[in-house]
Amino acid sequence: MSQTTGKPILEVNDLRTYFYTRDGVVRSVDGVSFSVSEGETLAIVGESGCGKSVTSLSILRLIASPPGKIVSGSIRFHGEDLLGFSDEQMRDIRGDKISMIFQEPMTSLNPVLTIGRQIGEVLELHRQYTKEEVRRRILELLKMVNIPEPESRIDEYPHQLSGGMRQRIMIAMALACDPEILIADEPTTALDVTIQAQILNLMRELRDRTRAAIILITHDLGVVAEMAQRVVVMYAGRKVEEANVFDLFEKPMHPYTLGLLNSMPRLDDAASKRLVEIPGMVPSMRTEIVGCAFAPRCSSASERCTQESPVLKDHGNEHWVACWNPVLVKVNV
Amino acid sequence: MSKTANKLLELKNLCKHYPIRKGILSRISGYVHAVDGVSFSIYEGETLGLVGESGCGKSSVGRTILRLMDPSAGEIYWKGERIDQLTRSQIRPYRKEIQAVFQDPYSSLNPRMRAADIVSEPLRNFEKLSQAKGRERVRELFALVGLRPDQMLRYPHEFSGGQRQRLGIARALSVKPKLIMCDEPVSALDVSVQAQVINLLGDLQKEFGVSYLFIAHDLAVVKHISHRIAVMYLGRIVELAETAELFNRPSHPYTEALLSAVPIPDPKHQRKQIVLGGDVPSPINRPSGCHFHTRCIYAQERCKVEEPKLEETSPGHFVACHFKLNT
């Protein structure tokens with residue numbers, strides 16, 4: 001595991017991304033802040049619709065507008081606010097300084113272009129390479145992500161590759177220009193477990209070699225435990241908890257985090273006990289949420305929770321929780 | 001699972017091959033060997049988990065049991081009677097006893113039908129109930145799976161994913177089946193909702209003694225819900241054992257690798273991980289001998305030529321490997 005170094009490269013502050021739909025305003029991301037440093041892996045976890053993917057798309061300014069809009073906040077990359085950048089400046093950043101791996105390796109690759117062309121495109125946009133240099137770099141990248149026989153694979157099309165290989169190609173594309181930040185949105189969700197293990201190993205190896213910061217968006221707490229140093233838990237567009245990975249799994253303080261951990265069946269459980277359910281479901285994002293969004297499903301909710309939105313508070317060791325009645329007992333993992 | 005329990009379903013050497021057609025004459029140019037000689041039994045009141053990676057043929061097994069597809073070869077017995085050769089009308093009474101819950105709660109419910117009609121459709125098919133009695137049963141079923149009676153007249157799009165899966169379960173339960181084939185019933189659901197559905201399935205089994213064939217790729221879920229587990233690789237069962245036995249003493253190298261690949265949600269957990277190289281080979285051109293030998297870290301010459309048979313290594317523990325582990 002690599003050590004985090006002091007200065008953050010990316011600081012997201014009070015980010016709000018809303019979608020203006022016919023049925024009203026959807027507050028997908030509603031005041032989220034976090035930062036990542038060099039060589040660090042930050043995981044953003046939460047269930048579908050919690051705003052984790054919209055957060056990652058907002059960083060790269062990939063929100064379709066309309067209907068979406070980054071309403072307020074700042075995204076500072078080396079101190080400069082990306083929200084103030086022109087479209088041209090953003091294009092220089094994307095794929096070069098900050099790049100992204102998407103969930104669906106089947107749909108994120110262009111089916112009519114060869115693997116080589118697709119990886120090469122990134123290099124042509126951002127680097128003044130000659131044709132030979134581009135080809136050499138592509139082969140180097142394919143080797144780096146463990147594609148067998150890169151010399152013949154370079155001229156193949158996406159449909160000729162398996163899902164795991166396509167995800168490797170996506171990673172090779174993302175790493176083409178040695179990005180400082182790699183955003184991985186559910187990079188292994190579409191893959192089988194044995195292939196997931198291969199991809200996660202590869203990502204860890206590359207992180208340690210390139211010192212890139214990784215923002216890992218996932219719903220799988222197993223993947224989080226294996227990859228991340230720090231974790232942000234999101235619920236209904238807000239950050240409800242942030243801590244280093246050990247604290248989060250050992251002493252989760254938000255009832256939602258605790259609920260998530262308890263509701264998962266686990267391989268390392270000796271006997272199959274009844275799972276602890278979180279009753280109810282995720283609230284609709286179309287109506288404005290008063291108080292804590294989790295209150296209707298929370299067993300420790302009090303009067304205050306339904307009226308007043310909880311503020312993030314540091315409970316020591318950079319363990320931030322937004323809850324009026326945080327869980328204070330240590331759980332036995 | 002006590003060995004005295006009644007055997008409900010038995011598969012003997014079940015095969016399902018899909019032809020691949022090519023050219024303008026649609027000549028058959030090869031076969032996808034989706035299921036290739038699968039044998040197992042399901043007893044009353046038990047859950048048999050069927051795990052494997054995508055393309056291993058686990059869903060094809062389920063669909064063949066339901067006779068949504070005809071098997072290419074092999075035999076299917078229901079309570080001792082052979083049912084794989086029955087005609088459509090002869091199979092009807094068995095359809096009532098074997099029901100299904102599917103993966104996608106969005107596409108497995110007719111969007112134009114009201115929830116109550118969806119749940120009561122099997123009832124109308126198989127039981128002649130008066131309208132009042134039928135409505136009463138639907139009300140009971142709604143309560144059973146944790147839905148409110150006022151939701152009976154709603155359409156599927158008005159329900160969340162978890163609620164839709166409850167509807168699917170209520171529909172399967174309506175005719176009091178003996179066996180429910182669950183094909184990835186929770187994989188489309190969020191973790192917190194997944195727990196609700198898993199608990200519901202467990203409660204229903206306790207109450208009605210229904211058996212499940214639980215097909216899934218998520219090992220943690222399968223471990224939680226199953227009494228016995230069968231592991232499939234490229235159309236064949238490579239290992240079958242009681243849950244605790246399989247997890248404590250995996251004997252097939254594929255099972256061992258599969259178990260070690262699952263991320264454990266504990267950052268302090270030090271696992272000895274076996275990362276398999278390469279991908280699952282194609283079920284069209286399968287490797288010779290043991291299908292797994294191309295990725296197996298223990299493979300030897302023999303594995304390339306000789307196909308290992310499924311053998312019982314200890315009571316109830318079956319393994320198909322020339323070099324069994326932990327025995």
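Begin by selecting chain A and chain B together in this predicted model, and look at the polar contacts that join them: 15 residue pairs, with both members at pLDDT 80 or more, are in polar contact between chain A and chain B. On the side of chain A that touches chain B, the elements giving two or more residues are H7, helix H8 (221–227), helix H9 (245–250) and helix H10 (255–263) of chain A. Colour H7(A) separately, since the largest share of that side, eight residues, comes from H7(A). If you then colour the side of chain A that touches chain B by residue class, you will find 21 nonpolar, 11 polar and 12 charged residues.

Widen the selection to the whole interface, where 44 residues of chain A are in contact with 38 residues of chain B, and where the two chains bury about 3600 Å² between them, 56% of it on carbon and sulfur atoms.

Next, turn to the charged pairs. The rule finds two salt bridges across the interface of chain A and chain B; to display one of them, select Asp203(B) and Arg274(A), whose side chains meet at 2.7 Å, N to O.

Finally, select Arg204(A), which sits in helix H7 (residues 193–210) of chain A. Arg204(A) counts as buried because its relative accessible area is 18%, under the 20% cut-off. Leaving aside neighbours within four places in sequence, show the residues in contact with Arg204(A), namely Glu226(A), Met227(A) and Gln273(B). Of these, zoom in on Glu226(A), whose backbone oxygen lies 3.3 Å from a polar atom of the Arg204(A) side chain.

How values were computed
Residues numbered from 1 in each chain as written. Chains lettered and ligands numbered in written order. Predicted model: local features only at pLDDT ≥ 70, side-chain atom pairs only at ≥ 80, totals over all residues. Heavy atoms only, no water. Helix = DSSP H or I, 4+ residues; strand = E, 2+ residues; numbered from the N terminus. Buried < 20%, exposed > 50% of the residue type's maximum accessible area, 1.4 Å probe, protein only. Polar contact = N/O pair within 3.5 Å; in protein donor to acceptor, adjacent residues only side chain to side chain. Contact = heavy atoms within 4.5 Å. Buried area = accessible area lost by both parts, 1.4 Å probe. Salt bridge = Lys/Arg side-chain N within 4 Å of Asp/Glu carboxyl O. Nonpolar A, V, L, I, M, F, W, Y, C, P; charged D, E, K, R; others polar.
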